[in-house]
Amino acid sequence: METPELFEPTEREQRLGPGAVLLRGFALPWVPELLAAIAAVESASPFRHLVTPGGFTMSVAMTNCGALGWTSDRLGYQYTATDPESGAPWPAMPAAFARLASEAAAVAGFAGFAPDACLINRYLPGARLSLHQDRNERDYSAPIVSVSLGMRATFLWGGLARSGPSLKVPLRHGDVVVWGGADRLRYHGVQPLKDEPHALLGSQRFNLTLRKAG
Ligand code: MD3
Ligand code: FE
């Protein structure tokens, strides 16, 4: 084959929409740092299954780091400066999270992205995330950067209304997606995870979403 490496960068940067770019494997060099940081966050603010305003317990377990963290209870969704379980501030944003997010956002055309919140989702087999919009952030002009680690997931990418078709996008260990601009308020979700253990992480998946919430 002639100079296949010339084509590799474009194949690894897949444009999904006017404001959405999938960077296959972008986080792979960061994995050891990311996993150590997740363990440190988890030791201070453990993963928990939040209850939705409708009274359902989420199958995905969540925690946060950064100045603000996303939470849900019977009263609604909100960003808080403290972990409601402990009353203490959320663990600080690990430097590796902020740097990875900023570099990925810059590649996707969002220079100067400085996240102040990171929601960490943990999926075990069967866990899912139903179609939703991320709209609890103050300013929709900032993108959201998502990082997938561990087991593969099928991500559902819909439109600006809940009804209508969704594109299925497989997300694998190390993949990063930047969602901004015209795609920032699209409905999205994750199909129930199949149990296909990952070599490094076993039967689990983590997803980091780095946000500018405040
Ligand atoms: C598309 N997490 O935490 S990140 C979430 O895999 C969330 O755990 C999913 O949706 C997960 O809110 C997928 C991908 C994502 C995040 C934000 C978006 C896609 C988005 C905002 C607008 C459009
Ligand atoms: Fe979301």
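**Salt bridges in a predicted model**

I would like to begin with Asp175, which counts as buried because its relative accessibility is 4%, under the 20% cut-off. Please keep in mind throughout that what we are looking at is a predicted model.

What does the side chain of Asp175 meet in a salt bridge? Its partner is Arg24, and the N to O distance between the two side chains is 2.5 Å. Arg24 lies in the loop between strand 2 (20-23) and helix 2 (31-44), while Asp175 sits in the loop between strand 10 (167-171) and strand 11 (176-179), so this pair ties together parts that are 151 residues apart in sequence. Arg24 is buried as well, with a relative accessible area of 17%.

Let me turn now to the other salt bridges, since the structure holds 7 in total. In one of them the side chains of Asp183 and Arg186 meet at 2.7 Å, again taken from N to O. Is each partner here buried or partly exposed? Asp183 is buried, with a relative accessible area of 2%, whereas Arg186, with 22%, is partly exposed.

Another salt bridge joins Glu196 and Lys194, and there the closest N and O atoms are 3.9 Å apart. Glu196 counts as partly exposed at 39% relative accessibility, and Lys194 is exposed, with a relative accessible area of 53%.

Finally, which residues are linked in a network of salt bridges? They are Asp134, Glu137, Arg184 and Arg211, and I would suggest finding these four in the structure above.

Key: Residues numbered from 1 in each chain as written. Chains lettered and ligands numbered in written order. Predicted model: local features only at pLDDT ≥ 70, side-chain atom pairs only at ≥ 80, totals over all residues. Heavy atoms only, no water. Helix = DSSP H or I, 4+ residues; strand = E, 2+ residues; numbered from the N terminus. Buried < 20%, exposed > 50% of the residue type's maximum accessible area, 1.4 Å probe, protein only.
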